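Q: Please take a close look at the inside of this structure, at any enclosed space it holds and at what surrounds that space. I am new to this structure, so a connected account would help.

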Amino acid sequence: VHLVQSGAELRNPGASVKVSCKASGYTFTSYYIDWVRQAPGQGLEWMGRIDPEDGGTKYAQNVQDRVTFTADTSTSTAYVELSSLRSEDTAMYYCARLRGSTWSYDYWGQGTQVTVSS
């Protein structure tokens, strides 16, 4: 199983960014994908979840107005798009596979650094 994320991004405040997470080695539609971020010096922050099977999503309240999760089953790729970027969105962004039987993460992407700066 591998989750491979897209490369680092630098954006101006107010812009948008889209990060990808390409899954391999398992049936993409059989597991939820969560998105988690970690700002410098901070703990992990859960952003939300997508069910690749039907596209159902759940968003954390503090980002729900600016974030969109999608999943392309033809390429086994999940995406997170964050709009109206602020400096506080500067963080390492991770995708993680949720193991339903234990409700825990069993595989993680390598992380994508998103930096918001003018």
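A: The structure, which is a predicted model, holds 1 cavity of 30 Å³ or more. The volume of this largest cavity is about 40 Å³. As background, rolling a probe the size of a water molecule over the atoms shows where empty space is left.

The lining of the largest cavity is made up of Val17, Val19, Met47, Val80, Glu81, Leu82 and Tyr93. Two elements, E3 and E8, each give two or more residues to this lining. E8 supplies the largest share, 3 residues. By kind, the lining residues divide into 6 nonpolar, no polar and 1 charged.

Both E3 and E8 belong to an open sheet of 4 strands, in the order E1-E3-E8-E7, with antiparallel pairing. E1 and E7 are the edge strands, each pairing on one side only. From one strand to the next, the twist averages 20°.

At one edge of the sheet, strand E1 (residues 2–5) pairs with strand E3 (residues 17–24) in the antiparallel sense over 4 bridges. In this pairing, valine 4 stands opposite lysine 22 in E3. E1 has a covered face with Leu3 and Gln5, while His2 and Val4 are on its uncovered face. This fits a general pattern: in a regular strand the side chains alternate between the two faces of the sheet.

At the other edge, E7 and E8 pair in the antiparallel sense over 6 bridges. Aspartate 72 has threonine 77, in E8, as its bridge partner. The loop between E7 and E8 contains serine 76. The phi of serine 76 is near 55°, a positive value in a residue other than glycine. In general, most residues other than glycine have a negative phi.

A positive phi of about 55° is also found at tryptophan 103, which is not a glycine. Tryptophan 103 sits in the loop between E9 and strand E10 (104–108). With a relative accessibility of 52%, tryptophan 103 counts as exposed, because the exposed class begins over 50%.

The loops also take part in contacts between charged side chains. Aspartate 89 and arginine 66 meet through their side chains in a salt bridge, at 2.8 Å from N to O. Aspartate 89 lies in the loop between strand E8 (77–82) and strand E9 (91–99), and arginine 66 in the loop between strand E6 (56–59) and strand E7 (67–72), so the salt bridge ties together parts that are 23 residues apart in sequence. Buried means under 20% relative accessible area. Aspartate 89 is therefore buried, at 1%, and arginine 66, at 9% relative accessibility, counts as buried too. This pair is part of a network of salt bridges that links Arg37, Glu45, Arg66 and Asp89.

In the whole structure, a search finds 7 salt bridges. One of them joins the side chains of glutamate 9 and arginine 11, at 3.1 Å from N to O. Arginine 11 counts as partly exposed, with 24% relative accessibility. Another salt bridge is formed by the side chains of arginine 99 and aspartate 106, at 3.6 Å from N to O. Here arginine 99 counts as partly exposed at 36% relative accessibility, and aspartate 106 counts as partly exposed at 24%.

One more loop residue is glycine 55, placed in the loop between strand E5 (44–51) and E6. Glycine 55 has a relative accessible area of 39% and is partly exposed. The C-alpha atoms of glycine 55 and alanine 71 are separated by 6.5 Å, and the two residues are 16 residues apart along the chain.

To return to the cavity: E3 and E8, the elements that give two or more residues to its lining, follow one another in the strand order E1-E3-E8-E7. The lining residues include Val17, Val19, Val80, Glu81 and Leu82, and the lining as a whole holds 6 nonpolar residues and 1 charged one.

Notes. Residues numbered from 1 in each chain as written. Predicted model: local features only at pLDDT ≥ 70, side-chain atom pairs only at ≥ 80, totals over all residues. Heavy atoms only, no water. Buried < 20%, exposed > 50% of the residue type's maximum accessible area, 1.4 Å probe, protein only. Pairing = 2+ DSSP bridges. Salt bridge = Lys/Arg side-chain N within 4 Å of Asp/Glu carboxyl O. Axes fitted to C-alpha atoms, helices over the stretch in contact; angles between N-to-C directions. 1 Å grid on protein atoms, 1.4 Å probe; cavity = no way out; pocket = protein on both sides within 12 Å on 5 of 7 lines; lining within 4 Å. Points joined across faces, edges and corners; volume = space filled by probe spheres on them. Nonpolar A, V, L, I, M, F, W, Y, C, P; charged D, E, K, R; others polar.
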